[in-house]
Every structure is written in C-alpha cells, then in structure tokens.
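Welcome to a short set of exercises with worked solutions. Have your viewer ready, try each task yourself, and then read the steps.

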Amino acid sequence: MKSSLDVLIYAHDGRGLGHVSRSVGIGLALRRLYPRLSVLLVSGCANTAELIGGGALDWIKLPSYRTNVIAGKSSGVMGNSNIDDKLLGELRARNIRDIVDAYRPKVFLADHTPQGKHKELLLSHEVSPETVRVLGIRAVVGDVGKVWSEFSADVFSGTYSNILWYGDSSVAGSAELEHLAAHYGVVPHEAGYVSRLSELGYSGGRSSAEKSLAGVISIPWSGEGTAVLMPKLAQALGGVDKSLGNWKIYMDLSKPDAEEVVHNFSSLEHVAFAQVGPQFLHDLSNARSAIIYGGYNSLTDVMVCKVPSVVLLRGMKDGEQEEHAAILERKSAAVQNVFSDLDVTVEELRDSLRNCIDAEASEFSIKLDGAAEAARYLAALAGVSDVDCRF
C-alpha cells in the first residue's frame with residue numbers, strides 16, 4: 001500500500017512532559033524546515049496542544065496514562081478515562097496499530113523504548129513492514145530496565161534500523177553512545193539536545209538587556225518533596241532583597257493542595273503564582289534566574305535561554321536526573337547548583353538564588369540544535385534532502 005504519511009512520531013505519557021516535549025520539538029522542526037512533508041504526532045499526553053502552541057504540527061490524542069511516584073518509583077494508576085492501567089495499555093496498542101496500518105508512514109520515530117509504554121507499540125510492528133522505524137534516546141538514559149533489557153534489544157533488532165541520540169558527546173562523553181551501540185547493535189546518530197522552546201521561537205527573548213523578572217520557578221507536577229520544599233522556598237524568597245525584582249512560580253493550581261501551597265507565600269508581595277502553561281517560556285526567556293526540576297526538557301530550556309538556575313532533584317530510582325544534572329553542572333553556566341528537593345535548606349536556596357542573579361550565563365559550546373538535526377535525519381530517511389529555504 002502506498003504511504004499516506006511521511007513521518008509518524010510516537011511519545012508515551014504518564015508523569016512528566018520530557019518525552020512528549022522532545023517529540024513535539026522534532027515535529028515542529030520537521031514542519032518548519034520541510035513544510036511540504038506530512039507529519040503526525042500520536043500521544044496520550046493531555047498537555048500536547050499547549051506544548052505545540054502556535055506551531056504547525058498535527059496530532060492524535062490517545063486516552064491518557066497516569067502514574068504515582070512513591071519512594072522514587074513510578075507506578076500506573078487509573079487514568080482520566082477511568083480505565084485500568086493495564087487494560088488501557090492493551091486498548092492503546094490497538095489504537096496505535098490501526099493508525100500505523102491506515103497511514104503507512106515512511107518513517108516512524110518512537111521516543112525512549114522500542115516497545116513503547118506497556119509494550120503498546122508491539123502490535124503496530126506487525127503492520128507496515130516497509131516503514132523505517134527509528135528509536136530516539138535522551139542524553140542520559142539512567143537505570144531504566146525497559147531500555148536496557150534483552151527484550152528491548154530483541155524488539156529493536158526485529159523492527160528498527162536507526163537510533164537518534166539527543167545528547168552531546170563533547171559534554172557527556174561517549175560512554176552512553178557506546179552503551180547504546182553495544183546494547184542495540186547500531187551506532188546512534190548524535191543529534192544534540194532537542195529544544196521545543198527554540199522551535200517555538202522563545203529563546204530570542206534573552207537578547208534583551210533588561211530582564212523583567214528576578215526569577216521564575218517551575219513546579220510542573222507535585223511529588224513527595226513538594227510539601228517539604230514550598231515552605232522553605234517561601235522563607236528563602238522572603239530573605240531575597242525585593243529591589244531585585246519580582247518572582248513568578250508556575251505550578252498546577254488546579255490540584256487540591258494548591259491553595260495551601262500558595263498560602264505559604266501570602267505575605268510576599270514580590271511573588272506571584274501562575275498556572276503551568278506556555279507563558280512560562282516567555283517569562284523564562286526574560287528572567288535573571290530560575291529554579292527548575294532536573295528533567296531533560298527543563299535543563300534544555302535554561303541552557304537555550306542562558307538563565308543561571310538552581311536545579312532540584314526528586315530522587316527517582318532510575319538516577320537519570322542526578323547523573324545528567326551532575327554532568328551539566330560541570331559544563332554549563334545555566335546549571336549553578338543542584339539539590340535534593342527533600343534535603344535543600346532555606347539558606348542554600350536563598351544563597352544560590354542570589355548567586356544566580358549575579359551570575360553571567362556565558363555562551364555555551366553545547367549542541368542545542370538537536371530538533372533541527374533530528375528533522376534533517378528523519379527527512380532524509382523519508383526521501384527528502386532539500387530544506388525549504390523560504391522558512
């Protein structure tokens with residue numbers, strides 16, 4: 001059957017936004033550089049439309065997964081569709097198979113694992129054998145059994161032919177590349193860091209000489225350490241000179257505990273709260289400092305915007321964020337200090353924020369154009385090599 005689609009991109013969902021954000025960034029780059037290509041994203045992430053923003057990227061919504069994190073370990077729970085986690089995986093597997101069978105994409109890009117979350121990609125591997133399947137892997141994988149298992153290697157060898165690595169070996173070294181090559185039997189193509197923010201054009205805001213905010217703080221989802229962190233953060237911001245400017249805290253204000261969290265800051269006139277959303281990118285690009293959690297997406301954002309930042313860690317069992325943040329703390333001026341959200345002290349937060357505001361985030365040699373490089377790689381696999389220079 002003739003293909004109806006050039007590139008199909010899959011990103012699983014559940015807890016954070018890193019997988020979907022990377023996938024959106026690559027999709028936006030494909031549409032920007034190759035506007036004549038047909039590109040489609042499939043994900044269950046409820047925030048996908050916000051992540052795409054005004055970009056020209058179409059997508060298909062699957063029912064969402066949800067996960068809880070206890071003692072640093074994720075586990076699936078009933079999703080918003082009120083369907084059991086295991087059953088939802090089986091149903092989504094059929095959805096994805098039907099999509100691949102109907103569109104027959106020339107190229108299929110899957111983020112993180114070749115089997116997909118709950119093995120939901122396996123059925124789709126049985127159809128459209130002519131599709132070139134590509135696996136996308138973040139800069140530091142961590143101790144993720146579903147990536148390093150023999151099962152994942154077997155699935156890859158039977159259906160995939162290429163790997164895109166969203167990292168920079170001049171920063172992280174070649175150990176991760178070598179590990180991936182040994183495990184999957186294919187030398188990955190090094191793309192660099194993928195920045196959705198760059199594709200949306202927000203990074204240009206950093207060219208302004210005067211920044212409108214002293215700092216922005218991103219708490220995209222609540223974890224075990226959030227209730228411990230927020231009172232400390234209120235004390236720390238209360239001890240920062242108000243003349244430095246205002247602070248804005250982004251979090252999900254729809255959560256039941258949000259009102260209690262906001263109350264901790266009620267006496268601080270220089271601190272405001274906002275709902276997690278696209279406005280954060282604008283504020284980040286015009287801030288002199290930031291507090292972020294150490295996910296791939298957030299780390300890439302502060303590097304692109306050149307914002308000196310305090311990085312918090314949630315202590316996940318896979319160790320990915322700890323390892324990645326430690327690497328970037330040595331290599332990037334955007335990562336000033338790294339702390340556990342459970343163990344950081346008021347004094348450490350206050351002193352680190354003051355240092356961030358005074359710091360100069362110099363130009364980096366880190367490769368941050370991974371979305372465009374990945375787009376060029378995928379377009380070539382789809383049979384297109386010439387970038388449309390009008391865009």
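Is Arg92 buried or exposed, judged by its relative accessibility? Arg92 counts as buried, at 0% relative accessibility. Keep in mind throughout that this is a predicted model.

**Exercise 1. Find the salt-bridge partner of Arg92 and describe the surroundings of the pair.**

Step 1. Look for a carboxyl oxygen beside the side chain: Arg92 forms a salt bridge with Glu120, and the closest N and O atoms are 2.9 Å apart.

Step 2. Place both residues on the chain. Arg92 belongs to helix α3, while Glu120 sits in the loop between β6 and β7 (132–138), so the pair links distant parts of the chain, 28 residues apart.

Step 3. Check the partner's accessibility. Glu120 counts as buried because its relative accessibility is 0%.

Step 4. Follow shared partners. Asp13, Arg92 and Glu120 are joined into one network by salt bridges that share partners.

**Exercise 2. Work out which parts of the chain the salt bridge between Lys106 and Asp6 connects, and compare the accessibility class of each residue.**

Step 1. Start with the distance: the closest N and O atoms of Lys106 and Asp6 are 3.2 Å apart.

Step 2. Locate the ends. Lys106 lies in the loop between α3 (85–103) and β6 (107–111). Asp6 lies in the segment before β1 (7–10), and the two residues are 100 residues apart.

Step 3. Assign the classes. With a relative accessible area of 37%, Lys106 is partly exposed, whereas Asp6 at 11% counts as buried.

**Exercise 3. Explain how the positions of Glu373 and Arg376 relate to their salt bridge.**

Step 1. The closest N and O atoms of this pair are 3.4 Å apart.

Step 2. Glu373 and Arg376 are three residues apart in helix α15 (residues 370–381), so about one helical turn separates them.

Step 3. Both residues fall in the partly exposed class: Glu373 has a relative accessible area of 21%, and Arg376 has 32%.

Step 4. For the wider tally, the structure holds 15 salt bridges. As background, side chains of opposite charge can pair when their charged atoms come close.

**Exercise 4. Describe the surroundings of strand β13 (residues 290–293).**

Step 1. Sort the side chains by face. Ala290 and Ile292 are on one side, Ile291 and Tyr293 are on the other, and all four are buried, so both faces of β13 are covered. This fits a general pattern: in a regular strand the side chains alternate between the two faces of the sheet.

Step 2. Find the paired strands. Strand β10 (residues 215–219) runs parallel to β13 and is joined to it by two bridges; here Ile217 stands opposite Ile291. Strand β14 (residues 309–313) also pairs with β13 in the parallel sense, over four bridges, with Ile292 opposite Val311.

Step 3. Trace the connection. β13, helix α12 (residues 296–305) and β14 make up a right-handed β-α-β unit.

**Exercise 5. Identify the largest nonpolar core and list what Leu30 touches.**

Step 1. The largest nonpolar core has 64 residues, and those with the most contacts inside it are Ile26, Leu30, Leu164, Tyr166 and Leu284.

Step 2. Leaving out residues up to four places away in sequence, Leu30 touches Val7, Ile9, Pro35, Leu37, Val39, Ala375, Leu378 and Ala379.

Step 3. Another core lies apart from the largest one; it has 28 residues, including Met251, Leu268, Leu312 and Leu353.

**Exercise 6. Examine the backbone at Ser128 and Lys306.**

Step 1. Recall the background: most residues other than glycine have a negative phi.

Step 2. Ser128 has a positive phi of about 50 degrees although it is not a glycine. Ser128 is in the loop between β6 and β7 and counts as buried at 0% relative accessibility.

Step 3. Lys306 also has a positive phi, near 55 degrees. Lys306 is in the loop between α12 and β14 and is partly exposed, with a relative accessible area of 24%.

**Exercise 7. How many disulfides are there?**

Step 1. Apply the cut-off: a disulfide needs a pair of cysteine sulfur atoms within 2.5 Å.

Step 2. By this rule the count is zero.

Step 3. Look at two of the cysteines: Cys305 is buried at 0% relative accessible area, and Cys356 also counts as buried at 0%.

Conventions. Residues numbered from 1 in each chain as written. Predicted model: local features only at pLDDT ≥ 70, side-chain atom pairs only at ≥ 80, totals over all residues. Heavy atoms only, no water. Buried < 20%, exposed > 50% of the residue type's maximum accessible area, 1.4 Å probe, protein only. Salt bridge = Lys/Arg side-chain N within 4 Å of Asp/Glu carboxyl O. Pairing = 2+ DSSP bridges. Right-handed = clockwise from strand over helix to strand, strands pointing away. Core = buried A, V, L, I, M, F, W, Y, C linked by side-chain atoms within 4.5 Å. Contact = heavy atoms within 4.5 Å.
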